[in-house]
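Me: I'm new to this structure and would like a close look at one helix and whatever surrounds it. Could you take me through it slowly, and then add a couple of other spots to set beside it?

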Amino acid sequence: MSNKLTSYLESQMQALKLKGMLTHYREITEKASQNNLSYTEYLSLLFEEELKRKNDGTVKTKINKARFPFIKTLEEFDFGFQPSLREKEIIALSFLEFIEKKENVIFLGPPGVGKTHLSVALGIKACMAKYRVVFITAQKLLEELMLSARDGSLADKLLGYSRLNLLIIDELGYMPVSKEQANLLFRLVSMRYEKGSIILTSNYNFNEWGEIFSDQVVAAAIIDRLIHHARIFYINGTSYRLKGKLKTANNR
């Protein structure tokens, strides 16, 4: 291929924003020549690289929009340190059937046992499957809803959250929930009921939620809608943040 033709092709790929093809076309061209590939096979390889680039870009964008506090995977989770969890049941969640069924996933347990790690890992799996995902702490969510209620944008805020395929609400219970906040959370949970999945983490069991909410009636209504179609996991292990310290202590 002449330098002039090569420059022309590269300028055309740049103009069409075919960055995947532009990056790999030289090696694919050489491979096609060495293996006597047909024109159709050659084009197929070029399009495969372009599609891969665009898919990777879409996933990266979805992960960025999800606002995860960190990137963690299920493969990094130490199930051996949390024997109360059944690994097969958690791995089964990674197939994301619960999102298709509009089911919720709830992780309950003391601080540091991996609830947030599991939530993020499942959220990343959902992003890779091109679902719309947002991660937010319960406190931040309640602050947003309260602010929206005061500036008149609550309906739009609730609608935005209701359109997500997966909403991850982390750390419910770290701060008390006022009556007004409880009512706003109830409205959000009700809008998503049987329409979209929620992953929720809390350091309180359901029978202790009275310590979180100022309104017992609203608390019961929220629990009712959350658990109706839910997979609930109780994690009773030791904090991961103590894991290293425990090893050090045992080795002394």
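Reply: **A close look at α7**

The buried residues of helix α7 pack against β2 (133-137), α8 (154-162), β3 (166-172) and α9. Before going further, keep in mind that this is a predicted model.

Which residues of α7 are the buried ones? They are A138, L141, L142, E144, L145, M146 and S148. There's a handy rule to have in mind when you read a list like that: an α-helix has 3.6 residues a turn, so residues three or four places apart point the same way. As for the helix itself, α7 has 14 residues and spans 20 Å from its first C-alpha to its last, close to the 20 Å expected at 1.5 Å a residue. Just after α7 comes G152, with a positive phi of about 85 degrees.

Now pick out one of those neighbours, α9. How do the two helices meet? The axes of α7 (residues 138-151) and α9 (residues 179-192) come within 10 Å and cross at roughly 95 degrees. That angle is why α7 and α9 count as roughly perpendicular to each other. On the α7 side, the contact is made by L141, L142, L145, M146, A149 and R150, while α9 brings E180, Q181, L184, L185 and L188. Sorted by class, this contact has 8 nonpolar, 1 polar and 2 charged residues. Look back at the buried list for α7 and you'll find L141, L142, L145 and M146 there too.

For another helix to set beside it, try α2. Helix α2 (residues 19-34) has 16 residues and reaches 24 Å from first C-alpha to last, close to the 22 Å expected at 1.5 Å a residue. There's a kink in α2 of about 55 degrees, and it is centred on Y25. Y25 is also among the buried residues of α2, along with G20, M21, I28 and A32. Part of what covers those buried residues is α1 (3-15) and α3 (39-66). Just past the end of α2, N36 has a positive phi of about 50 degrees.

What about the way α1 sits against α2? Their axes come within 9 Å and cross at roughly 150 degrees, which makes α1 roughly antiparallel to α2. In this contact, T6, E10, M13 and Q14 of α1 meet M21, L22, Y25 and R26 of α2. By class, that gives 4 nonpolar, 2 polar and 2 charged residues. So the residue at the centre of the kink, Y25, also takes part in the contact with α1.

One last stop, among the strands. S197 lies in strand β4 (residues 197-202) and counts as buried because its relative accessibility is 0%. Leaving aside neighbours within four places in sequence, S197 is in contact with F98, I99, K102, E103, N104, N165, L166, L167 and R192. Two of these lead back to elements you've already met: R192 belongs to α9 (residues 179-192), and L166 to β3 (166-172). S178, by contrast, is 19 residues from S197 along the chain, and their C-alpha atoms are separated by 24 Å.

N104, another partner of S197, is in strand β1 (residues 104-108). N104 is buried because its relative accessible area is 7%. With the same sequence neighbours left aside, N104 is in contact with G196, S197, I198, R225, L226, H229, A230 and R231.

Terms used: Residues are numbered from 1 along each chain as its sequence is written. This is a predicted model: local features need pLDDT of at least 70, side-chain atom pairs count only at pLDDT 80 or more; totals for chains, interfaces and linings use all residues. Side-chain values use heavy atoms; hydrogens and water are left out. Axes are lines fitted to C-alpha atoms, for helices over the stretch in contact, and angles run from 0 to 180 degrees between N-to-C directions. Helices (H or I, at least four residues) and strands (E, at least two) are DSSP runs, numbered from the N terminus. Angles under 35 degrees count as roughly parallel, over 145 as roughly antiparallel, 65 to 115 as roughly perpendicular and the rest as oblique. Contact means heavy atoms within 4.5 Å. Ala, Val, Leu, Ile, Met, Phe, Trp, Tyr, Cys and Pro count as nonpolar, Asp, Glu, Lys and Arg as charged, and the others, Gly among them, as polar. The expected span of a helix is 1.5 Å times one less than its number of residues. The bend at a residue is the angle between axes fitted to the seven residues ending there and the seven starting there. Buried means under 20% relative accessible area, exposed over 50%, partly exposed in between (1.4 Å probe, protein chains only).
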